[in-house]
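This report goes through selected features of one protein chain, beginning with a pocket and ending with a loop residue. Please keep the sequence and the model at hand while reading.

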Amino acid sequence: MLGIIGAMDVEIDAVKKKIENSVVTKLAGCEFVCGFIDSVMVCVACCNPGKVNAALCTQAMIDNYDIDSIINLGVGCSLSSDVAVKNIVIAENVCQYDIDITALGEPRGYINGLNEIKIETNKEISDKLARAAVSSGEKIRRGTVASGDTFIASGDLKTMINEHFGAICGEMEGGAIGHVCRANGIPFAVLRTVSDGGDENAQLDYPTFKKIAAEKSTAIVLKYIESEKTQLELF
């Protein structure tokens, strides 16, 4: 079963509407909608913004459903001059920029337990998402996606995250979802459409572009599911 997680209704509703024979369950403060899209079994959830919400939702999904892989979709901000509003970012890896135990001698972003800073996404799923995006005429970028419990709207914070982690996109959930998936051995991918520049203009740009950005993300994931259906039909 494919798990799909978004932080907001605008990021996930279009996917939910495609589900046939749906069964709805509420767990850990989240609504899980399970059924079929194009003969592919899916479980879709809106986790609400933030790392703790994202982690709770991901663990509940893994614990209660037969999840083979998870895609986290949604919107994010640009952290690089090479990434423009409406571009698609597909994570090669994810990190959590607000983990800071440097006072104890660890590097910024170091995740105790996993003992790493950047968590690699699943290359096969990410490559398929990239192909779906390109075939839809989208401009894509691949690299590090950085997560933290802050809406990035500061040039200083944007610069710090980019320079320290080499991140090209910032958001609030992917790093936590990747953390939980890695701890449970679940392959995952993170897809973002850029809604703003992560600077002092972000509060103005985000409301303007978030709906368009979310629609792009959901369209790509639905195209990915369609390709998975084609693969199923070959066997």
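In this predicted model, the second largest pocket has a volume of about 220 Å³. Its lining is made up of 17 residues. Those nearest the centre of the pocket are Val75, Phe151, Glu171, Met172 and Tyr206. Sorted by class, the lining holds nine nonpolar, four polar and four charged residues. The strands β5 (69-78), β9 (167-171) and β10 (188-196) each supply at least two lining residues, and β5 gives the most, with three.

**Nonpolar cores**

The largest nonpolar core has 41 residues, and the members that touch the most others are Phe32, Cys43, Met61, Tyr65, Ile67 and Ile70. Helix α2 (residues 51-64) provides the largest share of this core, five residues. A second, separate core has 27 residues, with Ile4, Cys46, Ile71 and Leu191 among them.

Cys43 shows how such a core member is surrounded. Beyond residues up to four places away in sequence, Cys43 touches Met1, Leu2, Gly3, Ile4, Phe32, Val33, Cys34, Met61, Tyr65 and Ile67.

**Two residues side by side**

Lys51 and Ser154 are set out below by location and accessibility.

| Residue | Location | Relative accessible area | State |
|---|---|---|---|
| Lys51 | helix α2 | 10% | buried |
| Ser154 | loop between β8 (140-147) and α4 (155-165) | 24% | partly exposed |

Why does Lys51 count as buried? Its relative accessible area is 10%, and the cut-off for buried is under 20%. The side chain of Lys51 makes a polar contact of 3.0 Å with the side chain of Gln96. Apart from neighbours within four places in sequence, Lys51 is in contact with Gln96, Asp98, Ile99, Ser147, Gly148, Asp149, Met172 and Ala176. Of these contacts, Met172 is also one of the residues nearest the centre of the second largest pocket.

Ala176, another contact of Lys51, belongs to helix α5 (residues 174-184) and is buried there. The other buried residues of α5 are Gly174, Gly175, Ile177, Gly178, Val180 and Cys181. After α5 comes Gly185, which has a positive phi, near 70°.

Ser154 is partly exposed because its relative accessible area is 24%, and partly exposed covers the range between under 20% and over 50%. Which residues does Ser154 touch, not counting residues up to four places away in sequence? They are Gly198, Asp199 and Glu200. The C-alpha atoms of Ser154 and Asn201 are separated by 8.6 Å, with the two residues 47 apart along the chain.

Note on methods: Residues are numbered from 1 along each chain as its sequence is written. This is a predicted model: local features need pLDDT of at least 70, side-chain atom pairs count only at pLDDT 80 or more; totals for chains, interfaces and linings use all residues. Side-chain values use heavy atoms; hydrogens and water are left out. On a 1 Å grid over the protein atoms alone, a cavity is a set of points where a 1.4 Å probe fits but cannot get out, and a pocket is an open set with protein on both sides within 12 Å along at least five of seven lines; lining residues have an atom within 4 Å of a point. Grid points are joined across faces, edges and corners, and a volume is the space filled by probe spheres set on the points. Helices (H or I, at least four residues) and strands (E, at least two) are DSSP runs, numbered from the N terminus. Ala, Val, Leu, Ile, Met, Phe, Trp, Tyr, Cys and Pro count as nonpolar, Asp, Glu, Lys and Arg as charged, and the others, Gly among them, as polar. A nonpolar core is a set of buried Ala, Val, Leu, Ile, Met, Phe, Trp, Tyr and Cys residues joined through side-chain atoms within 4.5 Å. Buried means under 20% relative accessible area, exposed over 50%, partly exposed in between (1.4 Å probe, protein chains only). Contact means heavy atoms within 4.5 Å. A polar contact is a pair of N or O atoms within 3.5 Å; within protein, one must be able to donate a hydrogen and the other to accept it, and residues adjacent in sequence count only if both atoms are side-chain atoms.
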